[in-house]
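Trainee: I have a model on the screen and some labels I would like explained. Can we go through them one by one?

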Amino acid sequence: MPYNVMIVDDSPSMRTFVRRVIDLSGFEVSSCLDAANGVEALELLGEHAIDIILTDINMPRMNGEEFVRKLEEHEKFRLIPVVVVSTDSTHNRIRRMLELGARGYVVKPFSPEMLRNELERVLGAVNA
Amino acid sequence: MPEISEILSTATSDVLETMFFTPVIAEAEAVGASPVAVLAARLSFSGAKQGTLAIRISAQAAGTIAASFLGEEAGEPPPEKIRDVICELANMICGSVLSRLDSEAHFHLGHPELVDPLELQSVEGTSRSFDIGDGEVAVLLHVDART
């Protein structure tokens with residue numbers, strides 16, 4: 001089943017890379033939207049149906065923590081699973097993002113297989 | 001606990017190979033300023049330790065790494081994309097190094113910025129240079145001694 005994916009990252013190159021790695025992994029994508037921060041992402045979520053969100057943490061305007069918190073406060077958006085994609089692999093940070101509402105966490109550097117496994121794990125848990 | 005230079009080496013090789021599909025051919029201690037270095041990026045970090053991590057990279061290596069990262073097979077990406085990729089490379093190496101230094105600590109990473117490569121000449125700290133075949137990537141880590 002192909003999924004509608006949203007990639008949120010302030011680096012255009014990183015957004016391109018994540019999309020590329022998703023394709024390389026064999027994860028089926030129906031549509032892929034991207035946003036440079038949480039503000040842009042929330043605007044797009046009001047207009048498009050999204051199955052899963054991949055977000056960075058360090059972003060201007062609205063960072064990943066605030067973005068996940070806003071999603072959790074929203075009646076509809078809180079149902080969309082979020083996977084954090086970050087260079088920060090400290091236990092405190094991972095614990096904090098999961099406590100805020102993220103369902104998955106992928107640490108850079110990651111391989112296509114690692115990303116796919118996490119996306120499938122999260123979607124599998126949501127759809128179980 | 002491994003030496004900082006060993007952490008720098010492992011983290012950089014891992015990032016280059018996994019995220020940039022660029023294997024490291026050889027490495028050595030980085031000494032002085034490379035005459036072919038044309039791009040440099042630096043970011044600061046704070047938390048359990050504070051300091052800066054910087055990379056300097058030759059033009060050819062920057063083009064190769066950016067093309068590989070973005071999957072552009074038709075040639076070298078435009079300069080603005082190369083600059084963005086180099087900043088992302090610095091960001092990823094810094095995150096990887098810090099989590100290897102102390103995975104239980106909390107760190108805040110600043111925003112990577114391009115800097116004049118000559119600014120890095122006076123930076124004290126641990127440095128390693130990586131030969132990727134199409135040029136050289138040097139990584140310099142400065143940790144504030146008070147942290």
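**Reading the labels**

Mentor: Start with chain A. From the N terminus on, its elements run β-α-β-α-β-α-β-α-β-α. That comes to 5 helices and 5 strands. Keep in mind that this is a predicted model.

Trainee: What makes chain A as compact as a globular protein of its length?

Mentor: Set the value against the rule. The radius of gyration of chain A is 13 Å, and the globule rule gives 14 Å for 128 residues. The two are close, so chain A is as compact as a globular protein of that length. Its C-alpha trace spans about 35 × 30 × 30 Å along the principal axes.

Trainee: Why is helix 2 of chain A called roughly parallel to helix 3 of chain A?

Mentor: Take the angle. The axes of helix 2 (residues 38-45) and helix 3 (residues 64-73) of chain A cross at roughly 30° and come within 9 Å. Angles under 35 degrees count as roughly parallel, so helix 2 of chain A is roughly parallel to helix 3 of chain A. The crossing is right-handed.

Trainee: How do you know which residues meet there, between helix 2 and helix 3 of chain A?

Mentor: The cut-off is C-beta atoms within 7 Å. On helix 2 of chain A, Gly38(A), Ala41(A) and Leu42(A) take part. They meet Glu66(A), Phe67(A) and Lys70(A) in helix 3 of chain A. By class, this contact has 3 nonpolar, 1 polar and 2 charged residues. Gly counts as polar here.

Trainee: Why are helix 1 and helix 5 of chain A called roughly perpendicular?

Mentor: Their axes cross at roughly 85° and come within 8 Å. The range for roughly perpendicular is 65 to 115 degrees, so helix 1 and helix 5 of chain A get that label. In helix 1 of chain A, Val21(A), Ile22(A), Leu24(A) and Ser25(A) make the contact. Their partners in helix 5 of chain A are Pro112(A), Glu113(A), Leu115(A) and Arg116(A). This contact divides into 5 nonpolar, 1 polar and 2 charged residues.

Trainee: What makes the peptide bond between Lys108(A) and Pro109(A) cis?

Mentor: Look at omega: it is about 5°. Pro109(A) sits in the loop between strand 5 (104-107) and helix 5 of chain A.

Trainee: What about the phi of Arg61(A): positive or negative?

Mentor: Positive, about 70°, although Arg61(A) is not a glycine. Arg61(A) lies in the loop between strand 3 (52-55) and helix 3 of chain A. Most residues other than glycine have a negative phi, and most peptide bonds are trans.

Trainee: Now the other chain. What makes chain B as compact as a globular protein of its length?

Mentor: Chain B has 3 helices and 7 strands, in the order α-β-β-β-α-α-β-β-β-β. Its radius of gyration is 14 Å, close to the 15 Å of the globule rule for 147 residues, so the same conclusion holds: as compact as a globular protein of that length. Its C-alpha atoms fill a box of roughly 45 × 30 × 25 Å. The mean pLDDT of chain B is 88, and 93% of its residues reach 70 or more.

Trainee: How many residues does each chain give to the contact?

Mentor: Chain A gives 19 residues and chain B gives 23. On the side of chain A, helix 1 (12-25) and helix 4 (91-100) each supply at least two residues. Helix 1 of chain A has the largest share, 6 residues. That side divides into 5 nonpolar, 10 polar and 4 charged residues. The model scores ipTM 0.83 and pTM 0.88.

Definitions and conventions: Residues are numbered from 1 along each chain as its sequence is written. Chains are lettered from A and ligands numbered from 1 in the order in which they are written. This is a predicted model: local features need pLDDT of at least 70, side-chain atom pairs count only at pLDDT 80 or more; totals for chains, interfaces and linings use all residues. Axes are lines fitted to C-alpha atoms, for helices over the stretch in contact, and angles run from 0 to 180 degrees between N-to-C directions. Helices (H or I, at least four residues) and strands (E, at least two) are DSSP runs, numbered from the N terminus. Angles under 35 degrees count as roughly parallel, over 145 as roughly antiparallel, 65 to 115 as roughly perpendicular and the rest as oblique. A crossing is left-handed if the near helix is turned anticlockwise from the far one by less than a right angle, and right-handed if clockwise. Two residues are in contact if their C-beta atoms, placed from the backbone, lie within 7 Å. pLDDT is the predictor's confidence in each residue, from 0 to 100. The radius of gyration is taken over C-alpha atoms; the globule rule is 2.2 Å times the number of residues to the power 0.38.
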